[in-house]
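Thanks for coming. I will go through one structure today, starting with the helices and ending with the ligand.

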Amino acid sequence: MKIAVLPGDGIGTEIVNEAVKVLRALGLPFEMEQALVGGAAYDAHGHPLPESTLKLAMAADAVLFGAVGDWKYDKLDRPLRPEQAILGLRKHMGLFANFRPAICYEQLVGASSLKPELIAGLDILIIRELTGDIYFGQPRGRRTAVDGHFPGTEEAFDTMRYSKPEIERIAHVAFQAARKRHKKVTSVDKANVLETFQFWKDVVTEVHAQYPDVELQHMYVDNAAMQLVKAPKAFDVIVTGNMFGDILSDEASMLTGSIGMLPSASLNSKGQGLYEPSHGSAPDIAGKGVANPLATILSAAMMLRFSLNQPEAADRIEAAVQKVLAQGLRTPDIHGEGTTQVGTAQMGDAVVAALM
Ligand code: IPM
Ligand code: MG
């Protein structure tokens, strides 16, 4: 079981260290190799996704990823910015299916900004298409030129596009995931305005014919954003494009009160996957030892389940996280009255201790 470990920037190093600690404590024969990615790789090698890092990731069974990005790279030409590392990995590895569960942990109900009754027991799954849409269409702007600026550029654009096979394969993923859950898919689009999403809606409807046991609902993205805060528990599986999925998954994650708790998986058709926390690199708290490592630790559990065929080990990690929460241990992001505040490494140690 080969795991490429790519910590990245900001809190990435700290949180990935804790996940690696937990993986090692399982006593399974993992081969873990680490490489630079994002701003860290740019500083060392002049590129956010060096050839050697990409090679390591492509040859691995799974990638454990921290986070990339820092404001200090904001002025760089687009192809050199840290974010291009994760976009490049998604593209080159064909990681088209992004699973972003939003689960409300019983012990953290009070951490949400919504009323407890709206989110207690929340368990929704956002499936975001990850290799198409406006993210990978034709861009044109001041920062897309590698050799500096396009002189005289007074407009910029990005192209939104989806092909039929791209929509079909993510629709299949969503219907199949719903079959293992509450058998309801909400497909989120903007078909009232955008051709790309009228097409999306038509193709999802076509694929649905093969899943008569699953209920399909279509919803415009603006309405979906509203329904997510109004009645989040009415959703089961949400499937949507790359851009809307980016936005809605941040919104959904915060419903649970704790973006620091949510893992994610990005899968290709070969079963390879990249696993990362749903949150970002949080440069404001980097290096302070206060970041919550649980989203990354839970991402490692998803990795064991989806790419490494070790479901028992995944269960052990998830149970250990529950146990640590029940013990009242909290990093500052989820800390509240009556709980014990701990740092990043202490939280990792506590999960290791709870594994036994
Ligand atoms: C995410 C992030 C990325 C995205 C950025 C860092 C490129 O926001 O994974 O949600 O927009 O996809
Ligand atoms: Mg995002």
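Which residues in α8 meet which residues in α9? Keep in mind that this is a predicted model. On the α8 side they are Val 221, Ala 224, Ala 225, Leu 228 and Val 229. On the α9 side they are Phe 244, Leu 248, Glu 251, Ala 252 and Leu 255. The two axes come within 10 Å, and they cross at roughly 10°. With a cut-off of under 35 degrees for that label, α8 and α9 are therefore roughly parallel to each other.

Next, the sheet. It is open and has 10 strands, with mixed pairing. Reading across, the order is β2-β1-β3-β12-β11-β4-β5-β10-β8-β9. The edges are β2, residues 31–34, and β9, residues 215–220. Each of these has a single partner strand, so one side of each has no neighbour in the sheet. From one strand to the next, the twist averages 20°.

One pair in some detail: β1, residues 2–8, and β3, residues 62–67, run parallel and are joined by 5 bridges. Within that pair, Gly 8 stands opposite Ala 67 in β3.

Now back to the helices, and how they sit on the sheet. Helix α8, residues 221–230, lies across β5, β8, β9 and β10. Its direction is at about 105° to β9. Helix α9, residues 242–255, also packs on the sheet, where it touches β4, β5, β8 and β10. The angle between the directions of α9 and β5 is about 155°.

Last, the ligand. Which residues are around ligand 1? They are Glu 83, Arg 90, Arg 100, Arg 128, Tyr 135 and Asp 246. For three of them I have distances to an oxygen atom of the ligand. For Tyr 135, a polar side-chain atom lies 2.5 Å from a ligand 1 oxygen. For Arg 90, an N or O atom of the side chain is 2.8 Å from an oxygen of ligand 1. For Asp 246, the distance from a polar side-chain atom to a ligand 1 oxygen is 2.9 Å. As for burial, ligand 1 taken alone exposes 320 Å², and the protein buries 74% of that.

Key:
Residues are numbered from 1 along each chain as its sequence is written. Chains are lettered from A and ligands numbered from 1 in the order in which they are written. This is a predicted model: local features need pLDDT of at least 70, side-chain atom pairs count only at pLDDT 80 or more; totals for chains, interfaces and linings use all residues. Side-chain values use heavy atoms; hydrogens and water are left out. Two strands pair if DSSP finds at least two bridges between them. Helices (H or I, at least four residues) and strands (E, at least two) are DSSP runs, numbered from the N terminus. Axes are lines fitted to C-alpha atoms, for helices over the stretch in contact, and angles run from 0 to 180 degrees between N-to-C directions. Contact means heavy atoms within 4.5 Å. A residue is near a molecule or strand if one of its heavy atoms lies within 4 Å of it. A polar contact is a pair of N or O atoms within 3.5 Å; within protein, one must be able to donate a hydrogen and the other to accept it, and residues adjacent in sequence count only if both atoms are side-chain atoms. Accessible areas come from the Shrake-Rupley method with a 1.4 Å probe; for residues, only the protein chains shown count as cover. Angles under 35 degrees count as roughly parallel, over 145 as roughly antiparallel, 65 to 115 as roughly perpendicular and the rest as oblique.
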